[in-house]
Every structure is written in structure tokens, then in C-alpha cells.
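Me: Please take a close look at the ligand site of this model. I should like one connected account of the shell around the ligand, followed by some residues elsewhere in the chain.

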Amino acid sequence: MQTAGRLSGKIALVTGAASGLGEAISRRYAAEGARVILADIDSAAAQAVAASLGADARHVRLDVTDEQSWLAALEGVKSQEGRLDVLVNNAGITTMGSIESLSVAGFKNMLEIDLVGVFIGCKHAAPLMRPRGGSIINMSSMCGIRAQADLAGYNAAKAGVTLLTKSVALHYAKQGDKIRCNSIHPGAIRTPILDKVMSQVEDPKALLASFEAVHPIGRLGRPEEIAAIAVYLASDESAFATGAEFVVDGGSSL
Ligand code: NAD
């Protein structure tokens with residue numbers, strides 16, 4: 001890819017970087033000149049992606065639900081890179097289920113990964129960003145704005161991310177820290193998470209058709225189309241944006 005160097009000199013940590021949107025964002029960040037730390041619970045897969053990006057990328061094993069894991073990863077950033085400019089809280093899972101069918105354990109597990117993981121990242125990345133300011137980008141979803149009957153836990157977690165983002169943005173702005181925090185709200189994007197969702201239902205083809213049908217643009221999104229907004233939010237071009245919802249959903253929330 002032709003690089004415009006929009007992130008030249010930036011140091012970015014991306015969670016869930018081994019697959020799907022996190023991988024696409026990491027690849028685009030590297031192409032734009034950033035040094036990228038690819039963090040994922042699937043260490044081997046993150047290592048493989050990092051290796052393909054060359055010397056300006058490395059990987060780290062991170063379980064976003066585990067505060068100690070975060071502290072260790074960020075300590076590594078402090079000692080190896082010295083600071084952090086961009087954090088993308090992207091790691092997440094989707095478990096299908098309505099209020100009746102989703103188990104309490106399934107609900108709690110999704111909140112742990114999709115919401116608590118984001119909370120811990122926002123909390124502990126700030127000290128590494130504070131000296132120069134930084135950008136925190138939280139991956140919510142169109143499901144963090146609009147409800148679906150069979151996504152009770154995912155709706156709750158992603159809506160939590162939407163408002164947590166605004167609280168974090170307000171806090172750091174009021175402190176004069178120059179740390180911005182915004183959320184991205186993709187529509188359905190063709191990544192491995194969709195295959196995992198389809199494997200949970202009886203009629204995957206019908207589910208896929210229903211996903212396509214809710215997008216007025218008439219198709220699913222592509223990971224690169226989410227990476228593009230993540231570049232804008234990581235760059236200084238978005239210096240006046242904080243606490244905002246960036247919806248990239250093919251019109252599905254209209
Ligand atoms: P994906 O399944 O392709 O990738 C998710 C990554 O997160 C995987 O590499 C996985 O190993 C990692 N991960 C899971 N649990 C983790 C943990 N505890 N700690 C660290 N890493 C962990 O999914 P994706 O489609 O790339 O989704 C990325 C994010 O985008 C998720 O937050 C998802 O909810 C959100 N999102 C996706 C879509 C979509 O249609 N693909 C739409 C809206 C929002």
C-alpha cells in the first residue's frame with residue numbers, strides 16, 4: 001500500500017490485533033508510518049501478523065480482561081518505546097442470545113472482554129500518554145447504539161463502551177491532559193467474528209442475508225473501511241474530536 005505517513009512517528013498499541021479489524025488497523029497504521037504493538041490473547045497469531053509488518057511492529061500477549069496482563073504489556077511499552085500515542089481498544093467477542101436464552105455466565109464473559117477490557121485499557125494507558133497527549137479509540141458497534149433482540153449481552157457491552165468513551169473523554173479533557181477518546185461503530189464487517197456468530201445459529205445463510213439486508217448500502221463492510229476511520233482518529237487531523245461516536249455502518253442505523 002502507498003503510505004502517506006499520516007501516523008509517522010506515532011506509537012500505537014492495538015488490542016485484538018491478530019485478526020479481523022485489529023489486524024487491518026495494525027496493517028494500515030504500519031503503512032502510515034506508526035510503530036505498532038500488536039496485542040492479543042492469541043500470541044502466535046499476533047506474532048505472525050507482526051512479523052509480516054517488519055521491524056516497526058512487535059507483538060505482545062495480552063488478555064484484556066486481566067489487569068496484571070495490561071500492566072505488564074504497558075510496562076513493556078514504557079521500557080521499549082518510552083511512551084504511547086495511540087491505544088485502540090478493539091479486542092472483542094460476540095455471543096448471540098436474547099435476555100431469555102443468554103446465560104448469566106455468557107453475559108458476564110462478554111462484559112468482561114468487550115467492556116471491562118476497554119475500561120482497564122483506558123485507565124492504565126493514560127500515564128504513558130500524558131506527557132505528549134494521545135488518542136484512545138474504542139471499538140463499539142452499531143449494536144452499541146441500536147438494540148437487537150438476539151444480542152442482549154453484546155448490546156449491553158457495546159452501549160457501555162459508547163458512554164464509557166464519553167466519560168473518559170470528559171475526564172481527560174477537564175484535566176487538560178490532551179488525551180482524546182472516541183468510539184467507532186461499525187456495521188457488519190466481513191471478519192472471522194462473523195463466521196463465529198454464524199456458527200452459533202441453525203441457518204447461517206439466512207443470518208448472513210439478514211446482516212446484508214440491514215445495510216442500505218447493500219453489502220457488508222470491509223475491514224479496510226474501518227481501518228480508514230481509525231487512521232483519522234489516531235492522527236493529529238482529529239485533534240478537535242473527543243467523546244464522539246464515529247458511525248461507519250453502511251447506513252444501517254438510519
Ligand atoms: P475477530 O474475531 O476477527 O478478532 C477479535 C480478536 O480479539 C481476535 O484476534 C481474538 O484473539 C482477540 N481477543 C478475544 N478475546 C481477547 C482477550 N480477552 N484479550 C485479548 N484479545 C482477545 O473480530 P473482529 O470482527 O475483528 O472484531 C474486532 C472488534 O470489532 C470487536 O470488538 C467487535 O465487537 C467489533 N465489531 C466487529 C464488527 C464486525 O462485524 N466484524 C462489527 C462491529 C463491531
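Reply: The model is predicted. It is convenient to start with a loop residue and then to turn to the ligand. Lys178 lies in the loop that connects H5 to strand E6, which spans residues 179-186. Although Lys178 is not a glycine, its phi is positive, at about 60°. Its relative accessibility is 67%, and because the threshold for exposed is over 50%, Lys178 counts as exposed.

The helix that precedes this loop leads to the ligand. Helix H5 (152-174) is one of three helices that each supply at least two residues of the shell around the ligand, together with helix H1 (20-31) and helix H6 (192-198). The greatest contribution among them comes from H6, which gives 3 residues to the shell. The shell is made up of 14 nonpolar, 9 polar and 5 charged residues. Of the 28 residues around the ligand, those that come nearest are Ser19, Asp40, Tyr154, Thr191 and Lys196. The ligand itself sits in the largest pocket.

Several polar atoms of the protein lie at short listed distances from ligand oxygen atoms. For Thr191, a polar side-chain atom is 2.4 Å from an oxygen atom of the ligand. For Leu21, the atom concerned is a backbone N or O, at 2.7 Å from a ligand oxygen. For Asn90, a polar backbone atom is 2.8 Å from an oxygen atom of the ligand. Taken alone, the ligand exposes 830 Å², and the protein buries 94% of that area.

Asn90 merits further description. This residue is found in the loop between strand E4 (86-89) and helix H4 (104-129). With a relative accessible area of 9%, Asn90 is buried, since buried means under 20%. While its backbone provides the polar atom at 2.8 Å from the ligand oxygen, its side chain reaches the backbone oxygen of Gly16 at 3.3 Å.

A second asparagine, Asn138, is placed in strand E5, residues 134-139. Its relative accessibility is 0%, so Asn138 counts as buried. The side chain of Asn138 has a polar contact of 2.9 Å with the side chain of Asn89. A further polar contact, of 3.0 Å, joins the side chain of Asn138 to that of Thr165.

Beyond strand E5, Gly144 is placed in the loop between E5 and H5. Gly144 has a relative accessible area of 11% and is therefore buried. Its C-alpha atom is 28 Å from that of Val49, and the two residues are 95 positions apart in sequence.

Within helix H5 itself, the residue to consider is His171. At 39% relative accessibility, His171 counts as partly exposed, because this value falls between the limits of 20% and 50%. The C-alpha atoms of His171 and Ser26 are separated by 27 Å, and these residues are 145 residues apart along the chain.

Note on methods: Residues are numbered from 1 along each chain as its sequence is written. This is a predicted model: local features need pLDDT of at least 70, side-chain atom pairs count only at pLDDT 80 or more; totals for chains, interfaces and linings use all residues. Side-chain values use heavy atoms; hydrogens and water are left out. A residue is near a molecule or strand if one of its heavy atoms lies within 4 Å of it. A polar contact is a pair of N or O atoms within 3.5 Å; within protein, one must be able to donate a hydrogen and the other to accept it, and residues adjacent in sequence count only if both atoms are side-chain atoms. Accessible areas come from the Shrake-Rupley method with a 1.4 Å probe; for residues, only the protein chains shown count as cover. On a 1 Å grid over the protein atoms alone, a cavity is a set of points where a 1.4 Å probe fits but cannot get out, and a pocket is an open set with protein on both sides within 12 Å along at least five of seven lines; lining residues have an atom within 4 Å of a point. A molecule sits in a cavity or pocket if more than half of its atoms lie within 2 Å of its grid points. Helices (H or I, at least four residues) and strands (E, at least two) are DSSP runs, numbered from the N terminus. Ala, Val, Leu, Ile, Met, Phe, Trp, Tyr, Cys and Pro count as nonpolar, Asp, Glu, Lys and Arg as charged, and the others, Gly among them, as polar. Buried means under 20% relative accessible area, exposed over 50%, partly exposed in between (1.4 Å probe, protein chains only).
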